[in-house]
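Q: Here's a model I'd like to go through with you. Could you take a close look at one helix and then work outward from there?

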Amino acid sequence: MVDVKEGDEYKFADETTSDIRVCFRRIGEQPEWFPCHSSVLSTGSSYFADLLRRSDIRSNKCVEVECPRVEYDHYVKVLKLMYLRWETIVESFDSVKLALGVLRASTSLKCGLIIAGCVAYLESASWDEKEEEEILQLAQNLGPEAAPLLVRLEAPSESAVKNVFISAIRFATSMECSFAPFFDDLKTSAQEQIDFMLHEGEDPAMVMINEDVRSVLREGLTKLLSTFITGVDLLASEFDQSPEQAEKRILRSLVDIDWITNVLTRIEMMTEFVSAWLETSDHVISVVQDKKYSSGLWAVKIKLIEVTGKALDAVGYGSVILPSTSRARLLKAWLPYIRMIKCCLDDGKTKDEAFPQMDADLCQNIESAMVSMILALPSGDQSEILSEWMLKADQFRYPDLTEAFEMWCYRSKTAVRRLKPRTDNGGNCISL
């Protein structure tokens, strides 16, 4: 080996000019020595700079560094990068995996310029979830050098989250009208991500629900219901032209409405939906029960029941508080419809196994909600509903309101005793 002078340009592993050898020791394997230049090592790595001050290292002109077996290639890569200019270091990476390995090795060897190159590459690259976790772990131990990475990793502000969430609602509810080919995909994605942002599992919900968010959700609900009603009004003419397309259009609107009810349930805004659904119920039922649709629109008819089930559940179990007149109106509108559709579906099943069916859990939930609603109505409304139910019980087996009937009988008899006028010993009435 020959002496080298400061300022000369050196090449990695050039034995003619090297003045020191480096070995990354791996247990149980033959050592591999790399001819290097002490000035390059000292300039590029404070770790090597400290080692090269030792007299034994200077005299032996050899440096041995312990190296994890799995990181060997990355340590060798760091040696090679010490011989490159800054811009060439950044350009040398072709994957996040390689940059992470080099970052781990350069951090261990305290190579400031290479660490900065790794950070610059990673900051501009795309990461998958596993890589992001590793980047976060490394960045937290790097100090100020990791600032560009931490900016990407830090949680967004509440204001930023709210703005994205509101934009997603506008797409999810079709307030942003577009005929672009990808619009339906974007709408579906927006709905899925809204669900994710509101979900409270291992991670907290991202969105702070405030009046701005509620206002946009009301606007979105209005838009979806308006689109649905427009479709219902156009159903007759569109059905004559293309029954399949007409059903598909109505069904798409109902799927969107079903989705937004899940969102409204989570943020306690179901009253908005139930009140609006109640106002449209009579009109919708009158349209879909027209004779021309008697043998069709089954997907729409079932989806109507699923959406209505959300309203019945909310009212039946008290998450939505309505006056008794509204509760009775909702029940009286939908009970006959649901009962008739369920009967038709059951009869169809006996003839054709491919005939659509209502989900068993849905049927049970609706039946339970109806019982709860009936028991919370004034006795006169209860009597009317139960009388109608029993008159047609032999024809319609669903829903089973026996529990409500038995409770009505018990309460009625108890009420007679409780409210019967009382008299004193002289036979005079005592005011209750």
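Which does Lys 97 count as, buried or exposed?

A: Keep in mind that this is a predicted model, where local features need pLDDT of at least 70 and side-chain atom pairs count only at pLDDT 80 or more, while totals for chains, interfaces and linings use all residues. Residues are numbered from 1 along each chain as its sequence is written, and side-chain values use heavy atoms, leaving out hydrogens and water.

Lys 97 counts as exposed, because its relative accessibility is 65% (buried is under 20% relative accessible area, exposed over 50%, partly exposed in between, with a 1.4 Å probe and protein chains only). Lys 97 belongs to helix H6 (helices are DSSP runs of H or I with at least four residues, strands are E runs of at least two, and both are numbered from the N terminus). Go 34 residues along the sequence from Lys 97 and you get to Glu 131, with the two C-alpha atoms 7.6 Å apart in space.

Now for the helix itself. H6 spans residues 96–109, and its axis comes within 8 Å of the axis of H4 (residues 72–81), the two crossing at roughly 75° (axes are lines fitted to C-alpha atoms, for helices over the stretch in contact, and angles run from 0 to 180 degrees between N-to-C directions). H4 and H6 are therefore roughly perpendicular to each other (that's 65 to 115 degrees; under 35 is roughly parallel, over 145 roughly antiparallel, and the rest oblique). On the H4 side, the residues that meet H6 are His 74, Tyr 75, Lys 77, Val 78 and Leu 81. They face a set in H6 that includes Leu 98, Gly 101, Val 102, Arg 104 and Leu 109 (contact means heavy atoms within 4.5 Å). By class, this H4–H6 contact has seven nonpolar, four polar and two charged residues (Ala, Val, Leu, Ile, Met, Phe, Trp, Tyr, Cys and Pro count as nonpolar, Asp, Glu, Lys and Arg as charged, the others, Gly among them, as polar).

H6 also packs with H7, at an angle of about 155° and with the axes 9 Å apart. That makes H6 roughly antiparallel to H7. H6 puts Val 96, Ala 99, Leu 100, Val 102, Leu 103, Ser 106 and Thr 107 into this contact, and H7 answers with Ile 114, Ile 115, Cys 118, Tyr 121 and Leu 122. Here the count is ten nonpolar, two polar and no charged residues. Val 102 and Ser 106 turn up in the H4 contact and in the H7 contact.

Follow H7 along its residues 112–124 and you come to Glu 123, which counts as partly exposed because its relative accessibility is 33%. Leaving aside residues up to four places away in sequence, Glu 123 touches Pro 148, Leu 149 and Arg 152. The C-alpha of Arg 152 sits 7.6 Å from that of Glu 123, although 29 residues separate them along the chain.

Back at H4, the way leads to the strands: H4 lies across E1 and E2, running at about 160° to E1. The sheet is open and mixed, three strands in the order E2-E1-E3 (strands pair if DSSP finds at least two bridges between them). E2 and E3 are the edge strands, each pairing on one side only, and the twist averages 25° from one strand to the next.

On one side, E1 runs antiparallel to E2 (residues 33–36), joined by four bridges, and Ile 20 has Cys 36 in E2 as its bridge partner. On the other side, five bridges join E1 to E3 (residues 62–66) in a parallel arrangement. Across that pairing, Arg 21 is matched with Cys 62, Phe 24 with Val 65, and Arg 25 stands opposite Glu 66. Side chains alternate along E3: Val 63 and Val 65 point to one face and are buried, whereas Cys 62, Glu 64 and Glu 66 point to the other and are not.

One last stop is Ser 18, in the segment before E1 (20–25). Ser 18 counts as buried because its relative accessibility is 1%. Its C-alpha lies 4.9 Å from that of His 37, 19 residues away along the chain.
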